[in-house]
Amino acid sequence: MIREEEVIKIGYFAKPHGIKGEVSLVTRYDVLDASAEPYLVCDMEGILVPFYVEEYRYKTDNVILVKLENINDEVAAARFANKDVFYPLTELEGGELQKELAWEDFIGYTVIDTVLGKIGPVTDVDESTMNVLFSIDREGKEVLIPVAEEFIEAADHTARSLTLTLPEGVLDL
């Protein structure tokens with residue numbers, strides 16, 4: 001069984017394309033090009049299920065038309081519309097995908113400060129201001145912390161943790 005900590009979200013299926021079972025994958029990653037037998041993972045009624053890619057072709061830079069194995073018509077493809085798409089961390093080589101992560105990809109990661117220890121899980125990201133903020137659940141209380149690449153010490157994508165060196169007093173704000 002595939003567990004949530006074994007995959008990373010890479011995009012979502014938008015809608016079926018045509019009548020032969022293709023579905024539009026909206027993503028900014030080129031993961032399908034890197035694997036001999038590519039597969040994608042979708043949450044199907046609470047269970048992460050792998051689906052092997054039979055064929056794919058690029059429609060635009062961020063939309064890939066994907067034909068999944070055993071999905072042969074528009075009715076079967078419609079089951080995937082608006083589903084998040086994940087990719088197995090074990091299939092990543094050389095950290096290529098990890099270099100391109102957006103801040104929102106860290107939702108669910110546990111934030112650890114190098115001095116204070118565990119802060120809590122990231123529940124949301126606010127990019128509406130000049131400074132990106134992580135919303136963190138710290139023992140039932142929402143804490144907002146500024147996030148910048150220079151604060152990041154390490155990101156463990158398998159353990160889904162983010163180690164930061166936060167400025168002194170930031171949690172007291």
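In the predicted model, Glu54 and Lys67 form a salt bridge, with 3.6 Å between the closest N and O atoms. Glu54 belongs to strand E4 (residues 47-58) and Lys67 to strand E5 (residues 63-68), so this pair ties together parts that are 13 residues apart in sequence. The two partners fall into separate exposure classes: Glu54 is partly exposed, its relative accessible area being 43%, whereas Lys67 has a relative accessibility of 8% and counts as buried. Lys67 is placed in the buried class because its value lies under the 20% limit.

A further group of charged residues is found at Arg3, Glu5 and Glu6, which are linked in a network of salt bridges. Arg3 takes part in two of the pairings described here. In the pairing with Glu5, the closest N and O atoms are 2.6 Å apart. In the pairing with Glu6, the corresponding separation is 3.5 Å; this pair counts as a salt bridge because the separation is within 4 Å.

With regard to exposure, Arg3 is partly exposed at 46% relative accessibility. Glu5 is likewise partly exposed, with a relative accessible area of 31%, and Glu6 is partly exposed at 29%. These three values lie between the 20% and 50% limits, and Arg3, Glu5 and Glu6 are therefore assigned to the partly exposed class.

Under the criterion applied, the count of salt bridges comes to 5. Those described above are among them, including the pair formed by Glu54 and Lys67 and the pairs that Arg3 forms with Glu5 and with Glu6.

Notes:
Residues numbered from 1 in each chain as written. Predicted model: local features only at pLDDT ≥ 70, side-chain atom pairs only at ≥ 80, totals over all residues. Heavy atoms only, no water. Salt bridge = Lys/Arg side-chain N within 4 Å of Asp/Glu carboxyl O. Buried < 20%, exposed > 50% of the residue type's maximum accessible area, 1.4 Å probe, protein only. Helix = DSSP H or I, 4+ residues; strand = E, 2+ residues; numbered from the N terminus.
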